[in-house]
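User: I have a structure open and want to go through it with you. Can we start with a single residue and work outwards?

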Amino acid sequence: MIFAPQLARSQSQIFVMDWLGTTDPVLLEILWRMADETREQGVGDAVHLRGLVEISNHCRKNCCYCGIRHANHRTNRYRMEIDEILECALQAVDFGYGTLVLQAGEDESMSCSWVVDLIHLIKKETNLTITLSLGEQSEENLSAFRSAGADRYFMRFETSNQQLYQQLHPNSTGKLPYRISLLEKMKSLGYETGSGAMVDLPGQTYRDICTDLQLIGKLEMDMVGLGPFIPHPDTPLGKHPEKFGPRLAADPVQQELLTCKMTALLRILYPDINIPATTASATLNPADGTEKMLRCGANVIMPNLTPNHYRRKYDIYPGKAGADADTTEQHQQILDIIRNAGRTVGTGPGSSRHYQKNRKNPGNTHHEITSRTSQQSPCSRFY
Ligand code: SAH
């Protein structure tokens, strides 16, 4: 039995490393099947839809991979008005989505009270669950957003390799431990919390991917997004990737394969978390990137509801899937993808089962919660 819980720590690392390196089609079929079966048992057949609204592309940060980094003067900056965002929220309700994801760069002019008012308004006008993806915010802001009614927070750690993290995030307010401390804060505030990483960053190794998977377990995340790195020509990583190191995949096909392998391993390790089929995967393979992700462990899709004239400007990487798509057509296509994959369309908030089991009960103290989940953490079986 390959997934025996009694696998020793060293054996388990070799196990993940072996899978990441394999190209044998027969073994890969086994991997996809194990991930799909684990997904079915862990979170069921429903695919939950989250309406994504990219509310601002202003950013104070200079992440070396990201097209909306502060130093990119070619970016046409925008910040949506509150009533425009509400329109998108109402569109999400019309489409039957249970969740709205509000994403932005780290926009210094987006005040805490503005975000609080926005959350209040959406909660007053709809029954949508709200996920925030607004980057690194102060503990006071995180607390105020939560009190206003925000349900979830999503912030990737991007890479668990501290040296690579520092190279990729110059002049950032903190280093990897700081970002991780904010994820811990989000959990303690009761947010359903998500994180994740990019796949195939220059300088990233198989060992780093293995450590990324391990970190997700240590952090006890409720949802995890993994997306392939896509070079943007107006960024240091797009212009001078050689300065950061070699890439694991030689072309988009290999990159997609690596992303699928990491997603499958993620699902096998953490059966009850929510895993989105990311936009970056659909960008890499517009024909069937989303469907492939659904077949190797994903159970969430995030249709983009940002109005098209803004959507094009939220240019974190080039050729972003759906950048010019008609919102209603895109919605229909996504429903088709779900049905073609033999899955059902989720209804309601689609909260992560990991969150429901471990942290949803407000009566639990943080200490009780932590000790209980760490005993149950599937990661401890492998690392
Ligand atoms: N400011 C927010 C949102 C950032 S954009 C935050 O910090 O969380 C959302 C995600 O897009 C990032 O977390 C990053 O993983 C991904 N991303 C940015 N540039 C990318 C690129 N060139 N290729 C692939 N993914 C990228």
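Analyst: Fine. This is a predicted model. Asp200 has a relative accessible area of 1%, so this residue is buried.

User: Where is Asp200 in the fold?

Analyst: Asp200 sits in the loop that runs between β5 (192-199) and α8 (206-219).

User: What about the backbone there, which sign does phi of Asp200 have?

Analyst: Positive: phi of Asp200 is about 75 degrees, although the residue is not a glycine. Glu220 is another non-glycine residue with a positive phi, at about 50 degrees.

User: And where does Glu220 lie?

Analyst: In the loop between α8 and β6 (223-228). Glu220 has a relative accessible area of 11%, and because the cut-off for buried is under 20%, Glu220 is counted as buried.

User: Ok, ligand now. Which residues are closest to the ligand?

Analyst: The closest are Tyr65, Ala104, Arg156, Glu158 and Ile230, out of 17 residues that surround the ligand.

User: What does Tyr65 offer the ligand, backbone or side chain?

Analyst: Backbone. An N or O atom of the Tyr65 backbone is 2.9 Å from a nitrogen atom of the ligand.

User: Which side chains have an N or O atom by an oxygen atom of the ligand?

Analyst: Glu158 is one of them: an N or O atom in its side chain lies 2.6 Å from a ligand oxygen atom. For the side chain of Arg179, the corresponding distance to an oxygen atom of the ligand is 3.2 Å. On its own the ligand has 550 Å² of accessible area, and the protein covers 92% of that.

User: Where does the ligand sit, then?

Analyst: In the largest cavity.

User: Switching to Asn274. Is that residue buried or exposed?

Analyst: Buried, because its relative accessibility is 2%. Asn274 is in the loop between α10 (252-269) and β7 (276-277).

User: What is Asn274 in contact with, leaving aside neighbours within four places in sequence?

Analyst: Its contacts include Val43, Arg50, Glu192, Asp222, Asn299 and Ser351. Met223 and Val224 are also among them.

User: Arg50, noted. Which other residue touches Arg50?

Analyst: Val101 does. Not counting residues up to four places away in sequence, Val101 also touches Gly51, Leu52, Val53, Thr131, Ser133 and Met302. Val101 belongs to strand β2 (residues 99-104) and is buried, with a relative accessible area of 5%.

User: How far is Val101 from Tyr153?

Analyst: Their C-alpha atoms are separated by 9.0 Å, and the two residues are 52 residues apart along the chain.

User: Got a pair with a longer stretch of sequence in between?

Analyst: Met34 and Leu265 are 231 residues apart in sequence, with 9.1 Å between their C-alpha atoms. Met34 is in helix α2 (residues 25-43), and at a relative accessible area of 16% Met34 is buried.

User: Zooming out, what share of the contacts with a separation of 6 or more comes from residues 24 or more positions apart?

Analyst: 78%.

User: And how many helices and strands does the protein have?

Analyst: 16 helices and 9 strands. Of its 383 residues, 58% count as buried.

User: Last one: what area does the protein expose?

Analyst: About 15,900 Å², with 50% of it supplied by carbon and sulfur atoms.

Terms used: Residues are numbered from 1 along each chain as its sequence is written. This is a predicted model: local features need pLDDT of at least 70, side-chain atom pairs count only at pLDDT 80 or more; totals for chains, interfaces and linings use all residues. Side-chain values use heavy atoms; hydrogens and water are left out. Helices (H or I, at least four residues) and strands (E, at least two) are DSSP runs, numbered from the N terminus. Buried means under 20% relative accessible area, exposed over 50%, partly exposed in between (1.4 Å probe, protein chains only). Contact means heavy atoms within 4.5 Å. A residue is near a molecule or strand if one of its heavy atoms lies within 4 Å of it. A polar contact is a pair of N or O atoms within 3.5 Å; within protein, one must be able to donate a hydrogen and the other to accept it, and residues adjacent in sequence count only if both atoms are side-chain atoms. Accessible areas come from the Shrake-Rupley method with a 1.4 Å probe; for residues, only the protein chains shown count as cover. On a 1 Å grid over the protein atoms alone, a cavity is a set of points where a 1.4 Å probe fits but cannot get out, and a pocket is an open set with protein on both sides within 12 Å along at least five of seven lines; lining residues have an atom within 4 Å of a point. A molecule sits in a cavity or pocket if more than half of its atoms lie within 2 Å of its grid points.
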